[in-house]
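Q: I'm new to reading protein structures, and I'd like to look closely at one part instead of everything at once. Could you pick a helix and walk me through its residues and its neighbours?

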Amino acid sequence: MTTSNQRRPSVVACPDCDLLNRFPEDYRSTLLCARCGAVLYRRRPNSIDRSLALALAALFLFLLSNSFPFLAMKSGGFVQETTLLTGIRELWKQGLQGLSLLVLLTCVVAPLAQMLGLLYILAPLKWGRRPAVGAARVFRLVQEIAPWGMMEVFMMGVLVALVKLGHMATIVPGVSVYSFGALIFVMAAAFSCLDPHLLWDRLDLRR
């Protein structure tokens with residue numbers, strides 16, 4: 001049985017030349033392919049701390065984005081404000097149930113699941129000694145639902161709508177627009193700082 005002071009060799013296939021490279025798991029520097037020199041792995045410093053901080057910031061921005069008006073439309077003396085959730089509800093009322101569910105899934109459910117999943121995984125590793133129960137399964141789930149998070153696509157659609165509706169009414173971006181835009185970058189930074197190899201090592205209860 002493997003103990004914590006033993007080094008278990010790992011085998012990684014080079015993405016460029018397909019050479020199988022063997023190296024110990026407790027590496028701390030950039031690893032290159034022995035044949036072509038391609039980067040196989042680069043350890044990210046303070047991965048857990050930085051990803052946890054960014055996940056907390058993302059959750060705050062997410063709550064902010066869903067608590068304040070997204071857009072306000074002024075036309076003929078009338079002002080109509082909408083939030084992200086009310087926009088989804090209006091799509092449903094207009095008979096666009098498929099589009100409404102898609103927006104709900106890609107802009108609300110998937111991002112929220114990713115944020116909560118990261119917090120569930122990283123918080124015990126930061127302040128506790130052992131991973132949370134089922135943390136490995138949660139991490140797999142976070143990775144599987146990542147392609148469904150399409151906030152940047154939704155934001156691009158909002159910007160296009162602002163341009164097209166600009167001559168019909170006065171469009172006033174709300175607080176949620178800015179927080180939602182910041183959320184996109186913060187979420188990307190959280191996953192960019194995350195070190196999957198290090199995280200799997202910490203989630204391995206056999207070590």
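A: Let's start with one residue: Ser100 has a relative accessibility of 4%, so it counts as buried (buried means under 20% relative accessible area, exposed over 50%, and partly exposed in between, using a 1.4 Å probe and protein chains only). Ser100 sits in helix α3, where helices are DSSP runs of H or I with at least four residues, strands are runs of E with at least two, and both are numbered from the N terminus. Setting aside neighbours up to four places away in sequence, Ser100 contacts Ile88, Leu91 and Trp92; contact means heavy atoms within 4.5 Å.

Before going on, a word about the model. It is a predicted one, in which local features need pLDDT of at least 70, side-chain atom pairs count only at pLDDT 80 or more, and totals for chains, interfaces and linings use all residues. Residues are numbered from 1 along each chain as its sequence is written, and side-chain values use heavy atoms, with hydrogens and water left out.

Another residue of helix α3 is Leu105. With a relative accessible area of 33%, Leu105 is partly exposed. Beyond the residues up to four places away in sequence, Leu105 touches Ala110, Pro111 and Trp148. Gly149 is 44 residues from Leu105 in sequence, yet their C-alpha atoms are 7.9 Å apart in space.

Now for the helices that α3 meets. Helix α1 (residues 47-65) and α3 have axes that come within 9 Å and cross at roughly 140°. Axes here are lines fitted to C-alpha atoms, for helices over the stretch in contact, and angles run from 0 to 180 degrees between N-to-C directions. The crossing of α1 past α3 is left-handed: the near helix is turned anticlockwise from the far one by less than a right angle, while clockwise would be right-handed. On the α1 side, the contact includes Ile48, Leu52 and Phe62, and on the α3 side its residues include Cys107, Met115 and Trp127. By class, this contact of α1 with α3 has 18 nonpolar, 1 polar and 2 charged residues. Here Ala, Val, Leu, Ile, Met, Phe, Trp, Tyr, Cys and Pro count as nonpolar, Asp, Glu, Lys and Arg as charged, and the others, Gly among them, as polar.

Helix α3 (residues 97-127) also meets helix α4 (residues 135-145): their axes come within 9 Å and cross at roughly 150°. The two are therefore roughly antiparallel, a label for angles over 145 degrees, with under 35 roughly parallel, 65 to 115 roughly perpendicular and the rest oblique. This crossing of α3 past α4 is left-handed. Residues of α3 including Ala110, Gly117 and Ile121 meet residues of α4 including Val138, Phe139 and Ile145. The contact of α3 with α4 has 10 nonpolar, 2 polar and no charged residues.

Helix α4, in turn, packs against helix α7 (residues 196-203) at about 155°, with axes 10 Å apart. That angle makes α4 roughly antiparallel to α7. Their crossing is left-handed. Among the residues in this contact are Ala135 and Arg140 of α4, and Leu199 and Trp200 of α7.

Finally, stepping back, the chain has 7 helices and 7 strands. Of its 207 residues, 36% count as buried.
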